[in-house]
Amino acid sequence: MKNIAIIGAGTMGNGIAHTFAQFNYNVQLIDVSQAALDRGMATISKNLDRMVAKEKISEADKKQTLSNITTYTSIKEGVTNASLVVEAATENLALKSKIFKELDEACPKDTILATNTSSISITQIAAVTSRPDKVIGMHFMNPVPIMKLVEIIRGYNTSDDVMKFTVELSKKVNKTPVAVNDYPGFVANRILMPMINESIETLYNGVAGVKEIDTVMMLGMAHPMGPLQLADFIGLDVCLSILNVMHDGFKNPKYAPCPLLVNMVMAGKLGVKSGEGFYDYSENRKAEKVAKMFS
């Protein structure tokens, strides 16, 4: 197991590529967009520079990590020798199903196909392939090079060997794997997203302001950042997508997204990546200034 392909060069994809490359795996980073690949590689280089500055790695380590990554705009070319593929595309079932059909056709028969989905059914994704026993969830946390947790999600048909292998591989890249079963939202988002949604409801109902809600949760519950800031960091569109998956999956109204969240996403206020969410990021990426709508 030395060749690992990553599908998607966005925030999660480049973080996963960085992590495996840092541990001397040969990484094929794949995206349909050359511009996305260029941005992804620039992000990896910048993050490695931070590690060098903090003396966590050497300049030689940085160069070696970058040399371990090769970029491709073609799935077929990029996965030729892959023992494992980790898909990290947008949280959309139709897109993921399309990618997994293509991976199933292009990859060697013994290649394990993993998805970084944060909420979508592994069993449903696996069903479009001819190898459901080799499909598994690897839900990394953002930022991937720093966060230790990986949720390892067993689909209905995932084999014991694939489960064991994926757990052991996660340990080899200095992560803490936690095995969970395949239900909407798994563990992390099944607990986190209702909390974020309730925080948005609290704001929507006028109980308290953005800063006040976040301060209560940080000081009262020892959270490193408030739930509204965290929602901005994750992306409000991602939060909405996950809540919709859970609402559809459980048919329980407690997972219904707050109307304020729905409206913000429709208006393009997605958080850090759009420059505005609950906070204004036009001047910097820190949650220091509450968005004008809520101030």
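The side chain of Asp280 makes a polar contact with the side chain of Ser282, at 2.7 Å. A polar contact here is a pair of N or O atoms within 3.5 Å; within protein, one must be able to donate a hydrogen and the other to accept it, and residues adjacent in sequence count only if both atoms are side-chain atoms. The model is predicted: local features need pLDDT of at least 70, side-chain atom pairs count only at pLDDT 80 or more, and totals for chains, interfaces and linings use all residues. Residues are numbered from 1 along each chain as its sequence is written, and side-chain values use heavy atoms, with hydrogens and water left out.

**Around Asp280**

Asp280 sits in strand E9 (residues 279-280). Helices (H or I, at least four residues) and strands (E, at least two) are DSSP runs, numbered from the N terminus. Asp280 counts as buried because its relative accessible area is 17%. Buried means under 20% relative accessible area, exposed over 50%, and partly exposed in between (1.4 Å probe, protein chains only). Leaving aside residues up to four places away in sequence, Asp280 touches Gly275, Lys286, Lys289, Val290 and Ala291. Contact means heavy atoms within 4.5 Å.

**The chain as a whole**

The chain holds 12 helices and 10 strands. Its C-alpha atoms fill a box of roughly 55 × 45 × 30 Å, taken along the principal axes. For 295 residues, a compact globule would have a radius of gyration near 19 Å; the chain has 19 Å, so the two agree. That radius is taken over C-alpha atoms, and the globule rule is 2.2 Å times the number of residues to the power 0.38.

Buried residues make up 47% of the 295. The chain exposes about 14,200 Å², and carbon and sulfur atoms supply 54% of that area. Accessible areas come from the Shrake-Rupley method with a 1.4 Å probe; for residues, only the protein chains shown count as cover. Among contacts between residues at least 6 apart in sequence, 64% join residues at least 24 apart.

**Two cores**

In soluble globular proteins, nonpolar side chains tend to be buried together. The largest nonpolar core of this chain has 34 residues. Ile6, Phe20, Leu84, Val86 and Phe140 have the most contacts inside it. A second, separate core has 30 residues, including Ile213, Leu228, Tyr281 and Phe294. A nonpolar core is a set of buried Ala, Val, Leu, Ile, Met, Phe, Trp, Tyr and Cys residues joined through side-chain atoms within 4.5 Å.

**Helices H2 and H11**

The expected span of a helix is 1.5 Å times one less than its number of residues. Both helices are set against that rule below.

| Helix | Residues | Expected span | End C-alpha distance |
|---|---|---|---|
| H2 (34-53) | 20 residues | 28 Å | 29 Å |
| H11 (236-250) | 15 residues | 21 Å | 21 Å |

Ser33 caps the N-terminal end of H2: one of its side-chain oxygens lies 3.3 Å from the backbone nitrogen of Ala35. Buried in H2 are Ala36, Leu37, Gly40, Met41, Ile44, Ser45, Leu48 and Met51. An α-helix has 3.6 residues a turn, so residues three or four places apart point the same way. The cover over the buried residues of H2 includes helix H1 (11-22), strand E2 (26-30), helix H3 (59-67) and strand E3 (69-72).

In H11 the buried residues are Leu236, Cys239, Leu240, Ser241, Ile242, Leu243 and Met246. Their cover includes H8, helix H10 (227-234) and helix H12 (259-266).

**Backbone exceptions and loops**

Most residues other than glycine have a negative phi, and most peptide bonds are trans. Several sites here depart from that. Glu55, just after H2, takes a positive phi of about 60°. Asn24 has a phi near 65°. Asn24 lies in the loop between H1 and E2 and counts as partly exposed because its relative accessibility is 38%. Lys251 follows just after H11, with a positive phi of about 55°. Its place is the loop between H11 and H12, and Lys251 is exposed, at a relative accessible area of 66%.

The peptide bond from Asn142 to Pro143 is cis, with omega near 0°. Pro143 lies in the loop between strand E6 (135-140) and strand E7 (149-154).

Tyr183 belongs to the loop between strand E8 (176-181) and helix H8 (188-204). Tyr183 counts as exposed because its relative accessibility is 52%. Tyr183 and Asn205 are 22 residues apart in sequence and 30 Å apart in space, C-alpha to C-alpha.
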